[in-house]
Amino acid sequence: MSEVLSTAPDRLWQLARQAGVTGVVSRLPLSPDGRASVDYMDLLQLVKRYEDFGFRVEAFEPGYEWELDHVRIGTDKARRDEEIAACKRLIRHLGALGVPVLCYNFMARFNWVRTSLALPTRGGALVTGYDHACMKDAPLTDSGVVTEEQLWENLQYFLREVVPVAEQAGVRLALHPDDPPVSPIRGIARIITSAAALRQAIQLVPSEYSGITMCQGTLAAAGEAIPEKILEFGGLNRLFYVHFRDIRGTAERFSETFHDDGQTNMAEAVRAYRKIGFHGPVRVDHVPTMAGEDNRTPGYESMGRLFALGYLRGLLDGTNE
């Protein structure tokens, strides 16, 4: 089991180790000026910090602090190529440091989107949710209208540049689907909104180092049968990384759930991972905020993570044949 942790030791580092977590999914380190860094020494020191605490770094997931919007939207060609060059440096450095997976997405302007951050669920726990009807009159961003055609063209350009570098470095690129899987949002298209779109994306530049992040909650919202899709992408040897989470609802309107209370048969999902022989990083994701927590970081408070980690451990032990 893995967990996404801050880049400096804190209480959650201790809780994760106490819960039996051995793997880390890391964000990018920050340089002295507070910007996300792809400098080799910054990455090396971060990896060693985790290792000295007893963790193994299994993936990097840059997240919010590292935007690739000039790559995704492509309006400023010089900035686009600067961002791609930085991505190549990161991939080479991760390879040198023995980090096997880089998770990325192609969601332009904003990452995962929610219209509610404090929906009550079981026992008064709080979860996030999305209602696309709330977005129908939302204004355009200053990027204006961004079409699906633009994003597909730019994704192919990006992959043609970075996939050969990933092959040389031995780093697997794991594409995360768009969350929520609806298009457009505020005039900006979303293209990775289904399992079929994931397949199309990794076929743009075919490589054994270009695959997917199986974000169960996002694909469940898209109406996909999660165990079937695990077997499908596992059969292609293109399933590199797992976000273990669930929802109730549809792409247009859904809420997050406790990991044992969503619409996916999670035991069948774990059996499917075992069937394909998956040994990559798995992290619990988007957990409820529980009693006594302040919900400052919706989806990422501590107690819900401990519940989810225990639930996942139970499923792993219960399906271990």
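1. In this predicted model, a useful place to begin is His 286, which sits in the loop that runs between β12 (282-284) and α10 (302-318). The phi angle of His 286 is near 50°, a positive value in a residue other than glycine, and this deserves a second look because most residues other than glycine have a negative phi. His 286 counts as buried, since its relative accessibility is 5%.

2. A second positive phi is found at Arg 186, where the angle is near 55°, again in a residue other than glycine. Arg 186 belongs to the loop between β7 and α6, and with a relative accessible area of 30% Arg 186 is partly exposed, whereas His 286, at 5% relative accessibility, is counted as buried.

3. The loop that holds Arg 186, between β7 and α6, also contains Pro 180 and Pro 184. The peptide bond leading from Asp 179 into Pro 180 is cis, with omega near 0°, and the bond from Ser 183 to Pro 184 is likewise cis, with omega near -5°. A reader who checks the backbone may wish to note both bonds, because most peptide bonds are trans.

4. The loop leads on to helix α6, and the next matter is how this helix lies against helix α5. The axes of α5 (residues 148-169) and α6 (residues 195-202) come within 10 Å and cross at roughly 45°, which means that α5 is oblique to α6. In this contact Trp 152, Leu 155 and Leu 159 of α5 meet Ala 197, Gln 200 and Ala 201 of α6, and the residues involved divide into 5 nonpolar, 1 polar and no charged.

5. Which residues of α6 are buried? They are Ala 195, Ala 197, Leu 198, Ala 201 and Ile 202, and they lie on the same side of α6 because they cover an arc of only 160° around the axis. The partners against which the buried residues of α6 pack are α5, β7 (172-176), β8 (210-215), α7 (216-221) and α8 (226-235), so that Ala 197 and Ala 201, both named among the buried residues, also appear in the contact with α5.

6. Strand β8, one of the elements packed against by the buried residues of α6, is largely enclosed by the rest of the structure, because 6 of the 6 residues of β8 are buried. Strands β7 and β8 run parallel and are joined by 3 bridges, and within this pairing Leu 173 stands opposite Ser 210 in β8. By way of background, the strands of a sheet pair through backbone hydrogen bonds, either parallel or antiparallel.

7. An antiparallel arrangement is found elsewhere in the model, where 4 strands form an open sheet in the order β5-β6-β11-β10. The edge strands of this sheet are β5 (116-120) and β10 (247-249), each of which pairs on one side only, and neighbouring strands are turned by 35° against each other on average, when direction is ignored. At one end of the order, β10 pairs with strand β11 (residues 253-256) in the antiparallel sense over 3 bridges, and Ile 247 stands opposite Glu 256 in β11.

8. How accessible is Tyr 241, which lies in strand β9 (residues 239-244)? Its relative accessibility is 0%, so Tyr 241 counts as buried. Leaving aside neighbours within four places in sequence, Tyr 241 is in contact with Val 25, Glu 61, Val 101, Cys 103, Ala 174, Ile 212, Thr 213, Met 214, Phe 278, Pro 281 and Arg 283. One of these partners, Cys 103, is 138 residues apart from Tyr 241 along the chain, yet the C-alpha atoms of the two are separated by 7.8 Å.

9. A last residue to examine is Ser 302, which is found in helix α10. Ser 302 counts as buried because its relative accessibility is 17%, a value to be read against the cut-off by which buried means under 20% relative accessible area. When residues up to four places away in sequence are not counted, Ser 302 touches Arg 11, Leu 12, Leu 15 and Glu 293.

Conventions: Residues are numbered from 1 along each chain as its sequence is written. This is a predicted model: local features need pLDDT of at least 70, side-chain atom pairs count only at pLDDT 80 or more; totals for chains, interfaces and linings use all residues. Side-chain values use heavy atoms; hydrogens and water are left out. Axes are lines fitted to C-alpha atoms, for helices over the stretch in contact, and angles run from 0 to 180 degrees between N-to-C directions. Helices (H or I, at least four residues) and strands (E, at least two) are DSSP runs, numbered from the N terminus. Angles under 35 degrees count as roughly parallel, over 145 as roughly antiparallel, 65 to 115 as roughly perpendicular and the rest as oblique. Contact means heavy atoms within 4.5 Å. Ala, Val, Leu, Ile, Met, Phe, Trp, Tyr, Cys and Pro count as nonpolar, Asp, Glu, Lys and Arg as charged, and the others, Gly among them, as polar. Two strands pair if DSSP finds at least two bridges between them. Buried means under 20% relative accessible area, exposed over 50%, partly exposed in between (1.4 Å probe, protein chains only). The arc is that of the directions from the helix axis to the C-beta atoms.
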